[in-house]
Amino acid sequence: MTAVEQARTTPAAPVPFTAETDDPGVFRFPAPEDPPPGAARMLAMALYGTALGLTGVGVGLYAVVAVFGGAPGWYLPALGGLTLLSVLLTAAAFLAIHERNLPWWLLIAAAPPMAAAVAVAISY
């Protein structure tokens, strides 16, 4: 045996997740033992997220036309930041789908940044 082989230690075995001892957190992908969300809840969240996403696509297309028309330097970063904030809040809502009210609050919070992005896009 070489000195390197003698110095190796065996890693500790990973501890499996147990719901009784560990808190998985609010923003997480569902675990296999989690019950599936209701169909109506999932449909409502998906429709709301789709509406926000299509609004963001519209803002993006409008921004492309405005940039080729000579938009100021602050225009794209402002639209990008507002749209990114809305997307992050929407994604967080879907990651928190097993919570009772948090996904709805996050989806409601995602609307004002998107509305501001629409306002900025239209105002220029």
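Here a biologist and a modeller talk through a predicted model of a helical protein chain.

Biologist: Happy to look at this with you! What makes up the secondary structure of the protein chain?

Modeller: The chain has four helices and zero strands. Along the sequence, the pattern reads α-α-α-α.

Biologist: How do you know what span to expect for α2, and what does the helix reach?

Modeller: Helix α2 covers residues 39-68, which is 30 residues. At 1.5 Å a residue the expected span is 44 Å, and α2 reaches 43 Å from its first C-alpha to its last, close to that value. After the helix comes G70, with a positive phi near 95 degrees.

Biologist: Which residues of α2 are buried, and where do they pack?

Modeller: The buried ones are M45, G49, L52, G56, V59, A63 and A66. They pack against α3 (75-95) and α4 (102-123).

Biologist: Why are α2 and α3 called roughly antiparallel?

Modeller: Their axes cross at roughly 170 degrees and come within 11 Å. Angles over 145 degrees count as roughly antiparallel, so α2 and α3 earn that description.

Biologist: And which residues make that contact?

Modeller: From α2 there are M42, M45, A46, G49, L52, V59, Y62, A63, A66 and V67. From α3 there are Y75, L76, L79, S86, T90, A93 and F94.

Biologist: How do the residues of the contact of α2 with α3 divide into nonpolar, polar and charged?

Modeller: There are 14 nonpolar, three polar and no charged residues in that contact.

Biologist: Nice, T90 is one I wanted to ask about. Why is T90 called buried?

Modeller: Buried means under 20% relative accessible area. T90 has 12%, and therefore counts as buried. T90 lies in helix α3.

Biologist: What is T90 in contact with, leaving aside its neighbours within four places in sequence?

Modeller: T90 touches G49, L52, L107 and A110. As for M45, that residue is 45 residues from T90 in sequence, while their C-alpha atoms are 9.1 Å apart in space.

Biologist: Let's turn to α4. How many residues does α4 have, and how far does the helix reach?

Modeller: Helix α4 has 22 residues and reaches 32 Å from first to last C-alpha, close to the expected 32 Å.

Biologist: Which residues of α4 are buried, and what puts them on the same side?

Modeller: They are P103, L106, L107, A110, P113, M114, A117, V120 and A121. Around the axis they cover an arc of only 135 degrees, so they sit on the same side of α4. These buried residues pack against α2 and α3. On the other side of α4, W105, P112, I122 and S123 are exposed.

Biologist: Great! To finish, what share of the protein chain counts as buried?

Modeller: Of its 124 residues, 22% count as buried. Among contacts between residues at least 6 apart in sequence, 76% join residues at least 24 apart.

Terms used. Residues numbered from 1 in each chain as written. Predicted model: local features only at pLDDT ≥ 70, side-chain atom pairs only at ≥ 80, totals over all residues. Heavy atoms only, no water. Helix = DSSP H or I, 4+ residues; strand = E, 2+ residues; numbered from the N terminus. Expected span 1.5 Å × (residues − 1). Buried < 20%, exposed > 50% of the residue type's maximum accessible area, 1.4 Å probe, protein only. Contact = heavy atoms within 4.5 Å. Axes fitted to C-alpha atoms, helices over the stretch in contact; angles between N-to-C directions. Parallel < 35°, antiparallel > 145°, perpendicular 65-115°, else oblique. Nonpolar A, V, L, I, M, F, W, Y, C, P; charged D, E, K, R; others polar. Arc of directions from axis to C-beta.
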